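Hi,

Here is the structure I promised to pass on. Have a look at it first, and then read on for what turned up.

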Amino acid sequence: QVQLVESGGGLVQAGGSLRLSCAASGSIFSIDAMGWYRQAPGKQRELVADITSGGMTNYAESARGRFTISRDNAKNTVYLQMNSLNPEDTAVYYCNARGLIITFRRYDTWGQGTQVTVSS
């Protein structure tokens, strides 16, 4: 009952930038936190960054200083600005949202993923 639609992935050269967006829709009562995770081939999915409804952020060490997560609560949208990209950032990036639907049941929803490829 909660859907996430991601956009903004693509191919970029090392040193370049990309901005990912993720919009949540559906029977949303609240979004407690939204975040970005990534999964590279042969590796486990890992947290990149997340942000609470109050704006508290958390970054993976690999993302700190290069990536910035932000959200627009009015639009139920989270963004990930990625700068100084390197080939190790190549992965499928997944959006995640957690909160309550209008019946006060909890949800923990994933987007379909968007490919980010950084060429050297």
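A quick word on terms before the strands: two strands count as paired if DSSP finds at least two bridges between them. Also keep in mind that this is a predicted model.

With that cut-off, β1 and β3 pair comfortably: 6 bridges join β1 to β3 (residues 18-26), and the two run antiparallel. If you want a spot to look at, Leu4 sits opposite Ala24 in β3.

Moving on from there, β3 is also joined to β8 by 6 bridges, again antiparallel. Here Arg19 faces Gln81 of β8. Next comes β7, which is linked to β8 by 6 bridges and runs antiparallel to it; in this pair Phe67 stands opposite Met82 of β8.

Put those pairings together and you get an open sheet of 4 strands, in the order β1-β3-β8-β7, with antiparallel pairing. Which strands stand at the edges? They are β1 (2-7) and β7 (67-72); each has a single partner strand, so one side of each is left without a neighbour in the sheet. From one strand to the next, the twist averages 15°.

β7 and β8 also make a hairpin, with 4 residues between them. Check Asn76 in that turn, as its phi is positive, at about 50°.

Is β8 mostly covered or mostly open? Mostly covered: 5 of the 6 residues in β8 (residues 77-82) are buried, where buried means under 20% relative accessible area.

Now for the whole chain. How many helices and strands does it have? The count is 0 helices and 11 strands, so the pattern along the sequence is simply β-β-β-β-β-β-β-β-β-β-β. The radius of gyration is 14 Å, close to the 14 Å that the globule rule gives for 120 residues, so the chain is as compact as a globular protein of that length. Along its principal axes, the C-alpha trace spans about 50 × 25 × 20 Å.

As for the inside and the surface, 46% of the 120 residues count as buried. The chain exposes about 6,200 Å², and carbon and sulfur atoms supply 49% of that area. Finally, take the contacts between residues at least 6 apart in sequence: 56% of them join residues at least 24 apart.

Cheers

Terms used. Residues are numbered from 1 along each chain as its sequence is written. This is a predicted model: local features need pLDDT of at least 70, side-chain atom pairs count only at pLDDT 80 or more; totals for chains, interfaces and linings use all residues. Side-chain values use heavy atoms; hydrogens and water are left out. Axes are lines fitted to C-alpha atoms, for helices over the stretch in contact, and angles run from 0 to 180 degrees between N-to-C directions. The radius of gyration is taken over C-alpha atoms; the globule rule is 2.2 Å times the number of residues to the power 0.38. Buried means under 20% relative accessible area, exposed over 50%, partly exposed in between (1.4 Å probe, protein chains only). Contact means heavy atoms within 4.5 Å. Accessible areas come from the Shrake-Rupley method with a 1.4 Å probe; for residues, only the protein chains shown count as cover.
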